[in-house]
Amino acid sequence: MVMYEREVKSLIESDIDSAISYSKSHAILGKVAEWRDHKTTGLTIRITPGKAVWYVRRRELTLRLGLLSSSGGPYQKPAQGTLDLETARYIAKQIHLAAGRKRNLREFTDTLVRLETTSEYSDRMGHADIAEAFADDNSLWAYRKRIGDTGITWTWKALTEHFLAYQLPKLRGKYRKQYEHYLRSKEFSSINDKLVSEVRLRDLERVRDEIHLNHAPSAVHRAVTQSKRMLSWAWKYKATQSGLDETQAEWWTRWSFEYKTKKRTHAPTIEEIARTILIAERFRHLADGEHETYPGTIGALWGIALTAQRTGGFLQLRPDRLFNPPKGERKLKGWKIANWTEDEMKGGRDGGRPHSLPLPPEALTILFGYHTESGGKSKWMFTGRDPKKHISQAALNLLMYRLQGRVYDHTVKQRPARKGKPGPKPKPRKERPNLFEIYGIEPWTLHDARRTLTTFLDDRKLGGAASAILGHKMDHDRVDESERMASITEQHYNRSQRIGLKAEGMALWVKTLLTAYEKESRKLAQPRKQLNRAA
């Protein structure tokens, strides 16, 4: 049990030495002592084992000033970062005055303490004025501090702000937040207030290693790559403002992270795709304490299997964006043409392109069936708990993980307990059966289905149909600006969209997948005993 000692007195220089000595003695063990200065409102010395600290205590908050400085005589300067009695009283009085002016006291205190303990100049009035400006939320100084701009050269934080202001408008809308996320990673906080001209390779490597501790290798690669591009932009176009005007070479190109993308070649069989859909339909409840798989998620799984589209764009499908076929396509009775705008489609440097895909009646029946099961009122074809939003890519990926028995439980501590950190042990991880293994399905991702469709149609001399269905950009494609801007008009049904060719491939692919689904359904009519035990 900690004992508290409190005393109010007019502090003198010898009290400072006494407080420091008391903090180093055995007498303070198990205690906390506070000596309040009778002459200065709120000024307090807090003494704990090994430490004596200046505080200013107010009714609404407590402000830490810094460590006590031993009185070594009139000609001896206080150690850096410490405060003597005179300085502590001065700061406490300035805080009291700033409170009357309704200033941000934490901002005021931090700035004034920093100036008093690190500045080479002794102009206290100037220090107070600067602290006043920083604590005034409407001042230019406060604005510069918020963005990290010193007004002379940029800090890393200021560089980030200026680069994002330049770069984000050049990116596609849905990609901007992700791009910004990597440059604002919390691991950069250690260098945010450092001038760009003072940042060294060792600083960047430390940040890189910290990101690697907390994130996947791909995130490290993105953060490093984008930061290097940001530094090069400043060096080439903002050298004076960023403080890189005397930098002779782009030394940061040495800042690297060993990362190689794994090229996937696996393609599930059509039977495996059908079997995956079956087990997802039959086993919606996969673990205690978790909600069942939403109908919209099952519908989206069906949709990806039936169309082999990229999940990001496909999940934005809306019933009101299903159009009747063009008049010239008489063979497409009962079909609908699904449409996605250029902003919804993935694109390279020149952005995405509008994409249309004919859907046969059999596919539409399945998709609308799950839309109805989800409530049937959402503007999105695939919804979860909130009908105002479509399900996310993460929801679909999580379904695939759960079917494979892979557990991602945010309520369970994943990292092992560290030495010297006693406390409650993590809960046991949830157990799920690996339905892929039980039903003889090799692990596959939703993107792998694109390779399956391509191989299937290539073998049947319909490689061009596969490329058109998947939205691949062809060498002979020419989409002018007017066509790109007309995102949901008759232009989607013209030759550039190759509706007839796509329909030929879709008819064959959908028929084959549904046939495989019926065969697999008959095979799995009797669940295996092994599955009964696992489930």
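# Walking through a predicted fold

Among contacts in the chain (heavy atoms within 4.5 Å) between residues at least 6 apart in sequence, 64% join residues at least 24 apart. Heads up: this is a predicted model, where local features need pLDDT of at least 70 and side-chain atom pairs count only at pLDDT 80 or more, while totals for chains, interfaces and linings use all residues. Residues are numbered from 1 along each chain as its sequence is written, and side-chain values use heavy atoms, with hydrogens and water left out.

User: How many helices and strands does the chain have?
Analyst: Both kinds of element are DSSP runs numbered from the N terminus: helices are H or I with at least four residues, and strands are E with at least two. Tallied that way, the chain comes out at 21 helices and nine strands.

User: What share of the residues in the chain is buried?
Analyst: Let's fix the word: buried means under 20% relative accessible area, exposed means over 50%, and partly exposed is in between, using a 1.4 Å probe and protein chains only. The chain has 535 residues, and the buried part of them is 44%.

User: In what order do the three strands of the open sheet with E7, E8 and E9 stand?
Analyst: Start at the rims: E7 (322-323) and E9 (355-359) each pair on one side only, which makes them the edge strands. Two strands pair if DSSP finds at least two bridges between them; E8 (residues 336-340) has two with E7 and five with E9. The pairing is antiparallel, and the order is E7-E8-E9.

User: Which residue of E9 stands opposite Ala338?
Analyst: Ala338 has a neighbour towards each edge of this sheet. On one side, Leu322 stands opposite Ala338. Elsewhere in E8, Trp340 faces His355 of E9. The E9 residue opposite Ala338 is Leu357.

User: Is E8 largely enclosed or largely open?
Analyst: Count its buried residues: four of the five qualify. The rest of the structure therefore leaves E8 largely enclosed.

User: Which helix lies across E7, E8 and E9?
Analyst: Axes are lines fitted to C-alpha atoms, for helices over the stretch in contact, and angles run from 0 to 180 degrees between N-to-C directions. The helix in question, residues 361-373, runs at about 100 degrees to E9, and its name is H14.

User: Are H11 and H12 roughly parallel or roughly antiparallel to each other?
Analyst: The axes of H11 (residues 270-282) and H12 (residues 295-307) come within 10 Å and cross at roughly 175 degrees. Angles under 35 degrees count as roughly parallel, over 145 as roughly antiparallel, 65 to 115 as roughly perpendicular and the rest as oblique. So H11 and H12 are roughly antiparallel.

User: How do the residues of the contact of H11 with H12 divide?
Analyst: H11 brings Ile273, Thr276, Ile277, Ala280 and Glu281, while H12 brings Ile298, Leu301, Trp302 and Ala305. Ala, Val, Leu, Ile, Met, Phe, Trp, Tyr, Cys and Pro count as nonpolar, Asp, Glu, Lys and Arg as charged, and the others, Gly among them, as polar. The split is seven nonpolar, one polar and one charged.

User: How far apart are the end C-alpha atoms of H2?
Analyst: The expected span of a helix is 1.5 Å times one less than its number of residues. For the 16 residues of H2 (residues 85-100) that should be 22 Å, which agrees with the model's 23 Å.

User: Which residue in the turn between E2 and E3 has a positive phi?
Analyst: E2 (residues 31-37) and E3 (residues 43-48) run antiparallel, joined by four bridges, and Arg36 has Thr44 as its bridge partner. They form a hairpin with five residues between them, where a phi of about 85 degrees belongs to Gly42.

User: Does Ala308 count as buried or exposed?
Analyst: Ala308 has a positive phi of about 60 degrees although it is not a glycine. You'll find Ala308 in the loop between H12 and H13 (311-314). With a relative accessibility of 0%, Ala308 counts as buried.

User: And does Lys461 count as buried or exposed?
Analyst: Lys461, also not a glycine, has a positive phi near 60 degrees. Its place is in the loop between H17 (448-458) and H18 (463-470). Relative accessibility here is 77%, so Lys461 counts as exposed.
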